[in-house]
Amino acid sequence: MKLTKFYFRTFAIVGIRVNTRIDFNLSPGKTSQPNWKRIRRSKMKSSRLLKVAYCCFVLVKGILSNRDDLYCLRSILDGHSAGHASFIENRNRYLNIQLILQSLLVYDSMQCALNCLATLGCRSFNFGVQTVFDGKHSCELLPSDKFNYYNLFAPTAKYHHYSISNPCEYTPCSKDSTCVPLYETSDFVCHCAPGSIGNLCDIKVPSSLKVNSKEVCFGTRGNSYGSFTMPYYGKISAFKLVHLRGSVSCRAVDNRFSYWRCDVGEFLNTFLTNSTNAVVFPQISGINSYTLPGIWSNSTELTFKNLTVPLSVSKGQEFRVWYGEDLKDESETDNGGRACMDIYALYV
Ligand SMILES: [Ca+2]
Ligand SMILES: [Ca+2]
């Protein structure tokens with residue numbers, strides 16, 4: 001049974017010249033999206049055996065035609081294989097990037113594929129359709145792929161392009177987003193166009209997105225900041241803090257309380273920082289009290305929108321809400337109170 005399967009696969013490899021797809025492991029006609037982790041494990045186990053099988057074929061062919069095909073054994077023995085064994089053929093396409101890892105002359109696309117596998121960092125290759133010298137074709141080993149340089153993926157009659165099979169071939173990301181393959185883990189990540197968020201960029205940005213799952217509360221001393229994490233990758237143009245309950249004071253004994261500072265007035269003393277306590281909002285120097293147009297210390301909403309460029313955030317990234325004196329460790333012993341809020345983010 002194994003022998004039959006082995007011969008079948010060997011035959012399949014030899015047949016790549018006329019096929020539109022070099023694929024050692026996927027079943028013909030399979031249309032559903034494959035389990036990439038399982039397939040990759042399978043490929044890593046079988047790729048070396050398959051290459052040995054192919055070498056046997058090219059060596060016999062080489063002996064018969066008096067050609068030097070020892071490249072094949074060298075590619076296996078040198079141990080530089082990336083472990084991948086599946087390529088997708090893009091007929092009459094050329095990836096026109098400047099950086100080329102290696103330019104070779106090869107007898108066929110399989111020889112080019114094996115050289116790519118044996119070359120560290122090779123992600124795809126261009127294969128010349130016509131022979132250019134002594135029956136050999138041009139073979140360009142490339143360090144990137146059509147997904148990263150789609151604008152340079154041009155039609156041509158002179159080349160076929162081959163890329164290592166990966167989940168991006170199945171266009172998992174939504175339209176207008178960019179799928180970036182993660183070859184080491186057989187995974188991918190979607191880079192969203194403006195207006196979309198989510199792992200697959202399939203969520204349209206609402207005008208205002210509540211980011212906290214439970215209310216965020218901050219105190220006024222002892223580093224009693226409130227924290228929340230971002231639900232999506234994206235870019236933020238503004239944060240809005242909406243007061244729910246409670247109040248804070250810079251001098252509790254005098255009963256001087258408000259939502260965002262101390263006394264009721266135009267000055268504010270609430271800050272938004274990242275997880276290392278670097279101030280993100282408001283974008284002003286220092287961490288003293290500040291003012292924002294139209295917002296008072298007892299306003300229900302405190303909106304930070306004075307951004308010069310949108311803030312890039314990742315899924316799970318932590319932000320903190322601080323009372324200014326607590327953040328600065330200054331005059332905090334006489335402080336008091338606690339205030340809670342919801343946090344809204346404006347994605348762009
Ligand atoms: Ca104080
Ligand atoms: Ca403190």
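**Strand β16 and its surroundings in a predicted model**

K235 is partly exposed, as 18 other C-beta atoms lie within 10 Å of its own; by this count a residue is buried with 20 or more such neighbours, exposed with 12 or fewer, and partly exposed in between, C-beta atoms being placed from the backbone. The model is a predicted one, in which local features need pLDDT of at least 70 and side-chain atom pairs count only at pLDDT 80 or more, while totals for chains, interfaces and linings use all residues. Residues are numbered from 1 along each chain as its sequence is written, and chains are lettered from A and ligands numbered from 1 in the order in which they are written.

It helps to begin with the chain as a whole. Its secondary structure comes to five helices and 23 strands, taken as DSSP runs numbered from the N terminus (H or I over at least four residues for helices, E over at least two for strands). Of the 348 residues, 33% count as buried. Among contacts between residues at least 6 apart in sequence, 69% join residues at least 24 apart; here a contact requires C-beta atoms, placed from the backbone, within 7 Å of each other.

K235 belongs to strand β16, which covers residues 234-251. Apart from neighbours within four places in sequence, K235 is in contact with P310, L311, S312, Y347 and V348. C192 lies 43 residues from K235 in sequence, and the C-alpha to C-alpha distance between them is 9.7 Å. The next residue to consider, I236, has contacts with P310, L311, V313, A345, L346 and Y347 once its neighbours within four places in sequence are left aside.

Which strands pair with β16 in the antiparallel sense? One is β23 (residues 336-347), joined to β16 over twelve bridges, where pairing calls for at least two DSSP bridges between two strands. Within that pairing, K240 stands opposite Y344. Strand β21 (residues 311-313) is also antiparallel to β16, over three bridges, and there K235 faces S312. Four bridges join β16 to β20, again antiparallel, with L302 of β20 as the bridge partner of L241. Finally, β17 (residues 256-258) runs antiparallel to β16 over three bridges, and V248 stands opposite S258. The hairpin of β16 and β17 has four residues between its strands, and N255 takes a positive phi near 60 degrees there.

Several of these strands also meet in the largest nonpolar core, a set of 41 residues. Such a core consists of buried Ala, Val, Leu, Ile, Met, Phe, Trp, Tyr and Cys residues joined through C-beta atoms within 7 Å. I236, F239, W322, I343 and A345 touch the most other members. At least two core residues come from each of β10 (187-191), β14 (216-218), β16, β20, β21, β22 and β23, and the largest share, six residues, is supplied by β23. A second, separate core holds 19 residues, including F87, L95, L114 and C139. L114 is also one of the buried residues of helix α4. That helix (residues 109-117) is mostly covered, with nine of its nine residues buried.

Elsewhere, four strands form an open antiparallel sheet in the order β15-β22-β18-β19. The edges are taken by β15 (226-229) and β19, each of which has a single partner strand, so one side of each is left without a neighbour in the sheet. From one strand to the next the twist averages 35 degrees, the angle being taken, on a scale from 0 to 180 degrees, between the N-to-C directions of axes fitted to C-alpha atoms. Inside this sheet, β18 pairs with β22 (residues 318-323) over five antiparallel bridges, and N274 stands opposite F319 of β22.

A few backbone features deserve a look. Most residues other than glycine have a negative phi, and most peptide bonds are trans. D134, which is not a glycine, has a positive phi of about 50 degrees. The loop between β5 (124-133) and β6 (136-142) holds D134, which is exposed, with 8 other C-beta atoms within 10 Å. N277, likewise not a glycine, has a positive phi of about 70 degrees. It sits in the loop between β18 (270-274) and β19 and counts as partly exposed, with 13 C-beta neighbours inside 10 Å. A cis peptide bond, with omega about -5 degrees, joins F281 and P282. P282 itself falls in the loop between β19 (279-281) and β20 (301-304).

Note on methods. Contact = placed C-beta atoms within 7 Å.
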